[in-house]
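User: I'm new to this structure and would like a close look at one part of it. Could you walk me through that part slowly and then show how it fits into the rest?

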Amino acid sequence: MQQNILRESNITKIFLIYMNNGSRKREDVTLRFMDNKECYFSSKTSFQAFNKPKKKTPAEINVFTPDGVYKTTVTIVDTYVSLTEILYQVSIPKTWDFIQMRASTRKRIELPIEIKFNDGFYIEAVSYDLSLGGVSFYCKEPVSSIYKKITGILTLKLPQNTIIDFPEGAMTVETKFVREKPGAEGHYGQQLLIFKFLNIPAEEQIVLKNFLIKID
């Protein structure tokens, strides 16, 4: 049955999303119990700043896995608040939509990056977009053709409040230049450089994939 998605062992995150008093709430939750009619999700959100949603409030559940994200709509039946947790009682999901994350999918995001080469030369920039396969960024100064032929070590800084699997929120991976493009609007006189990731470990690829899925 489709609700067994919630029992999969490869789930990395579950979010319960709903509107309350005109504000969009996105709660990080854990499945506590499920039967044929209802599910119970637990959240550690501070009860002191919590506004209890009305009964029968429409909601969405997003389940993140290494392969992609499952989405479904439910109804919040009731909410129970204690000193240690908030418990959401919701209707059982009936159908799920699945969004697969592909290596070619690029997400526009600005993150600090640095590429170092063996002779001490390095590039510091801010990413233009990011994918599982690599990153692109604008560079004001021309990069010598030498550094377009050899590999370097790329460090990508990821938000620490989102990524906990990398030391200090940084992913370090071998990289190599792929191609460049003229600057688009707002970047005249600059070149968009595209570098690909090489030999990225499987566990880091999973973390990066789930991070990309969460980017709107």
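Which residue in E11 does Ser127 stand opposite?

Analyst: Ser127 stands opposite Phe137 in E11. Before we follow that strand outward, a word on the ground rules. This is a predicted model, in which local features need pLDDT of at least 70 and side-chain atom pairs count only at pLDDT 80 or more, while totals for chains, interfaces and linings use all residues. Residues are numbered from 1 along each chain as its sequence is written, and side-chain values use heavy atoms, leaving out hydrogens and water.

Let's start with the overall layout. The chain holds one helix and 14 strands; these are DSSP runs numbered from the N terminus, with at least four residues for a helix (H or I) and at least two for a strand (E). Of its 216 residues, 44% count as buried. Here buried means under 20% relative accessible area, exposed means over 50%, and partly exposed lies in between, using a 1.4 Å probe and protein chains only.

Now to E11 itself, which covers residues 134-139. Six of its six residues are buried. If you look at one side you find Gly134, Ser136 and Tyr138, and on the other Val135, Phe137 and Cys139, with both faces covered. At the end of that list, Cys139 has a relative accessibility of 14%. Another cysteine, Cys39, is buried too, at 0%. The count of disulfides in the model comes to zero, taking a disulfide as a pair of cysteine sulfur atoms within 2.5 Å.

What lies beside E11? On the Ser127 side is strand E10, residues 122-130, which pairs with E11 in the antiparallel sense over three bridges; two strands pair if DSSP finds at least two bridges between them. A hairpin of three residues joins E10 to E11. E11 also pairs with strand E14 (residues 191-198), again antiparallel, this time over six bridges. In that pairing Ser136 stands opposite Ile194. E14 is itself mostly covered, with six of its eight residues buried.

From E14 you can step on to strand E13 (residues 170-182), since eight bridges join the two in an antiparallel arrangement. Glu174 stands opposite Leu198 there.

Phe137 takes us from the strands to the packing between side chains. It belongs to the largest nonpolar core, which has 28 residues, and it is one of those that touch the most other members, along with Leu130, Leu156, Phe197, Leu208 and Phe211. E10, E11, E13 and E14 each supply at least two residues of this core, as do strand E9 (112-116), strand E12 (152-157) and helix H1 (202-214). A second, separate core of 20 residues includes Leu16, Met34, Ala59 and Tyr88. A nonpolar core is a set of buried Ala, Val, Leu, Ile, Met, Phe, Trp, Tyr and Cys residues joined through side-chain atoms within 4.5 Å. In soluble globular proteins, nonpolar side chains tend to be buried together.

Leu208 is a good residue to click on next. Leaving aside residues up to four places away in sequence, Leu208 touches Leu130, Ser131, Leu132, Met171, Phe197 and Ile200; contact means heavy atoms within 4.5 Å. Across the chain, residues 24 or more positions apart account for 58% of the contacts with a separation of 6 or more.

Finally, let's return to E10 for a charged pair. Asp129 and Arg106 meet through their side chains in a salt bridge, at 3.0 Å from N to O. Asp129 lies in strand E10 and Arg106 in the loop between strand E7 (97-100) and strand E8 (107-108), so the pair ties together parts that are 23 residues apart in sequence. Asp129 is buried at 11% relative accessibility, whereas Arg106 is partly exposed at 36%. A salt bridge is a side-chain nitrogen of Lys or Arg within 4 Å of a carboxyl oxygen of Asp or Glu, and by that rule the count comes to seven.

Another one of them joins Asp28 to Lys13, with the closest N and O atoms 2.7 Å apart. Asp28 sits in strand E2 (residues 23-34) and Lys13 in strand E1 (residues 13-20), which are distant parts of the chain, and the two residues are 15 apart. Both partners are partly exposed, Asp28 at 36% and Lys13 at 28%.
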